[in-house]
Amino acid sequence: MPITLPLQDIHLWFVHTDQINDAELLTQYYQILSNEEQTRNQRFKFEKDRKQHLITRALVRYVLSEYISSTSPLDWQFTQNKHGKPEIAPKAQPFPLKFNLSHSHKMIVLAVASNQEIGVDIEFINRSLPTHDLAKNTFSVQEYLQLKTLDKNNFHTRFYDIWTLKEAYIKACGTGLSTPLESFSFSFPTKQNIQISFDASRNDQESKWQFWQFEPNPEYIIALGAKSKEVKEKRIIIREVVPFKSYCKSHQPTLRH
């Protein structure tokens, strides 16, 4: 029975790569990749990178067939926009299914929605601290002013808050790093609220966007962004998955929105 995807829903699928070590399962993943994906997989120098790429591509193919069961995981076809954002080839889908991927360290997240542009970013936050120079040279003036007076721990937390949200925005736009990161800003009016604002150069509208942020565990932070023609209350549904083996729906996380 295919999974239904109402317009108000956004589904997030999580994979812990260190939990997938079965050789037969990994072989199954490889067999559903396209020739191009297999060739790219073999170009990775390190085994950990080959494994992450393999699981990522298998995840996309497996999950999309959970929504459109008439298309097998092997048969999905993809294109890229001019900035390299992957998309489902138009002829390969009966309705406007959108997806976006992110991975960091040992976790992959796939966001899926219907008829709305989405972007997701996950970051492993238990690593070396970001610097004030990096924040000053990467973020907008308004964002850096939020950061510069914070102590070490709060600076680290807020840096990744802003970083992941900016990544989610540019990925939803499909423009990647061709979008100047200083041309839009995030702020946090209260502990649970996220706001975006744009410079005039962006030619975008705040009212069309919604953002969410949460921590799936203490080591990671995730940001999700969606642009809709009609902004309504969204429902975020979380699943943890081992492609072709099992998945479970997890409890609704505490979201900042």
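1. Strands S7 and S8. Strand S7 (residues 184-187) pairs with S8 in the antiparallel sense, over four bridges. Ser187 has Gln195 in S8 as its bridge partner. This is a predicted model, and the points below should be read with that in mind.

2. Faces of S8. In a regular strand the side chains alternate between the two faces of the sheet. Strand S8 (residues 195-198) shows such alternation: Ile196 and Phe198 point to one face and are buried. Gln195 and Ser197 point to the other face and are not buried. Gln195, the bridge partner of Ser187, is thus among the residues of S8 that are not buried.

3. The sheet S6-S10-S9. Three strands form an open sheet in the order S6-S10-S9, with antiparallel pairing. Strand S6 (117-124) and strand S9 (209-217) are at the edges; each has a single partner strand, so one side of each lacks a neighbour in the sheet. On average, neighbouring strands of this sheet are turned by 15° against each other, direction ignored.

4. S6 with S10, and the helix on the sheet. S6 and strand S10 (residues 220-227) are paired in the antiparallel sense over eight bridges. Within this region, Asp121 stands opposite Ala223 in S10. Helix H6 (residues 152-173) packs on the sheet and touches S6, S9 and S10. The direction of H6 makes about 145° with that of S6.

5. Helices H2 and H3. Helix H2 (residues 35-43) packs with helix H3 (residues 47-67) at an angle of about 160°, and their axes are 8 Å apart. Because of that angle, H2 is roughly antiparallel to H3. The crossing of H2 past H3 is right-handed. On the H2 side the contact involves Glu37, Arg40, Asn41 and Gln42; on the H3 side it involves Arg50, His53, Leu54, Arg57 and Arg61. Sorted by class, this contact has five charged, three polar and one nonpolar residue.

6. Helices H1 and H3. The axes of helix H1 (residues 23-31) and H3 come within 9 Å and cross at roughly 65°. H1 and H3 are therefore roughly perpendicular to each other. H1 passes H3 in a left-handed crossing. Leu26, Tyr29 and Tyr30 in H1 meet Leu54, Ile55 and Ala58 in H3. By class, this contact has six nonpolar residues, with no polar and no charged ones.

7. Leu54 in both contacts. What does H3 offer to its two helix partners? Leu54 of H3 is listed in the contact with H2 and also in the contact with H1. The H2 contact includes five charged residues, whereas the H1 contact has none.

8. Positive phi at Asn115. Most residues other than glycine have a negative phi. Phi of Asn115 is near 60°, a positive value in a residue other than glycine. Asn115 lies in the loop between strand S5 (107-114) and S6. Its relative accessible area is 47%, so Asn115 is partly exposed.

9. Positive phi at Phe244. Phe244 likewise has a positive phi, near 70°, in a residue other than glycine. Phe244 is in the loop between strand S11 (235-242) and strand S12 (246-249). With 27% relative accessibility, Phe244 counts as partly exposed.

Key. Residues are numbered from 1 along each chain as its sequence is written. This is a predicted model: local features need pLDDT of at least 70, side-chain atom pairs count only at pLDDT 80 or more; totals for chains, interfaces and linings use all residues. Side-chain values use heavy atoms; hydrogens and water are left out. Two strands pair if DSSP finds at least two bridges between them. Axes are lines fitted to C-alpha atoms, for helices over the stretch in contact, and angles run from 0 to 180 degrees between N-to-C directions. Contact means heavy atoms within 4.5 Å. Angles under 35 degrees count as roughly parallel, over 145 as roughly antiparallel, 65 to 115 as roughly perpendicular and the rest as oblique. A crossing is left-handed if the near helix is turned anticlockwise from the far one by less than a right angle, and right-handed if clockwise. Ala, Val, Leu, Ile, Met, Phe, Trp, Tyr, Cys and Pro count as nonpolar, Asp, Glu, Lys and Arg as charged, and the others, Gly among them, as polar. Buried means under 20% relative accessible area, exposed over 50%, partly exposed in between (1.4 Å probe, protein chains only).
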